[in-house]
Number of protein chains: 2
Amino acid sequence: MTSSFHEMWRDLRPIGRNADSGGYRRYAWTGADADCRAWFRTEAETRGLSYEVDRNGNQWAWLGDPAAGGAVVTGSHLDSVPDGGAFDGPLGVVSSFAALDELRGRGAALAKPLAIVNFGDEEGARFGLACVGSRLAAGQLTPEKAAQLRDADGVSLPQAMERAGYDPAAIGADPERLARIGAFVELHVEQGRALAETPHAVGVASAIWPHGRWRFDFHGEANHAGTTRLEDRRDPMLTYANTVLAARKKARLAGALATFGKVAVEPNGVNAIASLVRGWLDSRAADEATLDEVVAEIERAAVERGARDGVTVRVTRESFTPVVEFAHDLRDEVAKLLGGVPVLPTGAGHDAGILSAAVPTAMLFVRNPTGISHSPAETAAEDDCLAGVTALADVLEGLACR
Amino acid sequence: MTSSFHEMWRDLRPIGRNADSGGYRRYAWTGADADCRAWFRTEAETRGLSYEVDRNGNQWAWLGDPAAGGAVVTGSHLDSVPDGGAFDGPLGVVSSFAALDELRGRGAALAKPLAIVNFGDEEGARFGLACVGSRLAAGQLTPEKAAQLRDADGVSLPQAMERAGYDPAAIGADPERLARIGAFVELHVEQGRALAETPHAVGVASAIWPHGRWRFDFHGEANHAGTTRLEDRRDPMLTYANTVLAARKKARLAGALATFGKVAVEPNGVNAIASLVRGWLDSRAADEATLDEVVAEIERAAVERGARDGVTVRVTRESFTPVVEFAHDLRDEVAKLLGGVPVLPTGAGHDAGILSAAVPTAMLFVRNPTGISHSPAETAAEDDCLAGVTALADVLEGLACR
């Protein structure tokens, strides 16, 4: 198993890697994405698995008859955020193939069909919406809405799929396919340091925190930076800056997360007081009441400071994902199969979170020593990755042989 | 005179105006710029002035023999910042032609040649450097440095000039031309509210404040906004936000100006903690010691907060213009010709500031009721503009008839 594991990483490593940043740029329906998908197909076919692409472009590799029902499915995604790390996504797919190799090595007698899946466009780096492949399959994104998605160059999602050789007319909900799945297990590198503070290489997810994105528009007045007296200004950059600091404070007091990571300024000139600053707030918390309260407090702070600055504040909720509680029965069974590993929540969305509305779903996390993710510095120790493969094999065997 | 004044504004008003913003986009060597320049040439030729373009693309309209020396020159510029107002620049050029009309109406006997000039690329909106036409003429910008200037599309300044029909091989210092000038007077809309608080429609400039641009690079660590604990973050947006507020406070305490109006963020994703925030500081003060101290204090505040955030701060001075004291003799003569008008400093750079190193130079400001400039909302009352024309005519007559 170990050798195959290393070979899989060796083949994946160069695909879509930017030499300057050292990070990955594997965006949906681009050349790098096509190379990742070709890699998946090769891994499936060299193992004698039955390969197929569903109507939404997700890739499947089957062992056993899909129509038999009750399938145990594992997998993740291969696309990346801009300059993302090597593990977010690919660790789950590589570990799925490696776990299958291990099950075969063990001579495990599977009573149920088993499949490995690569969901398309999980990160949403190109079209701005995450988990497009799983959302379409689960009917949480309609083909009409999907057709409106455009990338930074104005290319629509259907155009991008068509150029990549897929049929965009086919996309849409896929309930028959999901009905064949008895359990879905996604292995993922942890995107935090909870496991790093324990002796455990692997943990099980309890829930995904509710999270959302809010756009804060700060409207002031453009003016000359060299001649306008401070007292005559309506400078939205001041209100934005104060709101960034307020968001951090409110989140800290509530045990939540709040981040301004994206900004757009007009006219964005060195010698011009801004007329408009747009800042996007990403916020998450353990429950929806806390999240609502944190965002309301940040908005209050923004409006209050805006009144002092002569700046108007408008807040638009651009997306919201409710809390995902993973199926308790499956979670408890997985935890039992692994024997007392930590059970932990996460703030990150995943395909597993989308599917959990339709299918019993569980997630395994592999320890991340620095907690860094969505960055070229994202890493995981080889021993921990191998422990993840063994854990995933144990879980698949336990579920498929019962 | 009044009728011609209105006709000039009527002809200029539609050129380069953006219908959505209502602001002007007259960038150097674009179609809108060419239309402005054609307007200038027509105004010169219909008045029987001798029209010429200098080696740097600045336009001149002469009454009398340039070679006679000691010329009295007036003028300004016709280009604009992005979505700029109608008056910044054009008010000076329109008023120059109108003042000449008034002098002719008065039957003034001019003892010296008189010229009207339109300096190219004053705002620097396209190539990022202000006062390119006057800097080249005065030898403050070498042809080699000018050749390195590029616009956002990668077009170099020489390429842009060539495409607009000018010869970029000719650009460079023009000491013979400047030696013909006995005095240069630039009329400009005030970019502040100093005159608005007086009964005076027109004022005289004492000095241009020293000013500079500093780029603050805040380096943190990219990470996942949904999973990274607050205490594990190195978020440069926090340091940037704190620095924006510190800049305002330090400037206020020192009676100076400090503005962050331009920001660039990497990776600038909604769910990504930024790895790098770049903010550009524009700062100005009445004297260089104060300016140095304000910028040093802002940098200290940034570094101090950065240490708390795990963020490194690097500050680069991108440009600096020392204080410009306009020639005292000329300033006093102009003030005397106008009879007790306010004498005031300004924070804005002008072609007059560049020329002042080589030529006795003065500036007139016309009252701006709101103080707003570099914005579509920039305005000036018609009566004040007409008072500006009369004042300019008085000054030109006084200087050219002595």
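## A residue on strand β14

P345(B) is partly exposed, with a relative accessible area of 41%. Partly exposed means between 20% and 50%; buried is under 20% and exposed is over 50% (1.4 Å probe, protein chains only). This is a predicted model, in which local features need pLDDT of at least 70, side-chain atom pairs count only at pLDDT 80 or more, and totals for chains, interfaces and linings use all residues. Residues are numbered from 1 along each chain as its sequence is written, chains are lettered from A in the order in which they are written, and side-chain values use heavy atoms, without hydrogens and water.

P345(B) sits in strand β14, residues 343-346 of chain B. Strands here are DSSP runs (E, at least two residues), numbered from the N terminus. Which residues does P345(B) touch, beyond those up to four places away in sequence? They are S206(B), A207(B) and W209(B). Contact means heavy atoms within 4.5 Å. A207(B) is 138 residues from P345(B) in sequence, yet their C-alpha atoms are 4.8 Å apart.

## The nonpolar core

The largest nonpolar core has 58 residues. Such a core is a set of buried Ala, Val, Leu, Ile, Met, Phe, Trp, Tyr and Cys residues, joined through side-chain atoms within 4.5 Å. Among those with the most contacts inside it are L281(A) and L281(B). Outside its neighbours within four places in sequence, L281(B) contacts residues including W214(B), F260(B) and I298(B).

## Two copies

A turn of 180° and a shift of 0.0 Å along the axis lay chain A on chain B, with an RMSD of 0.1 Å. That is the relation of a two-fold axis. The superposition is by least squares on C-alpha atoms of residues with pLDDT of at least 70 in both copies.

Key
Helices (H or I, at least four residues) and strands (E, at least two) are DSSP runs, numbered from the N terminus.
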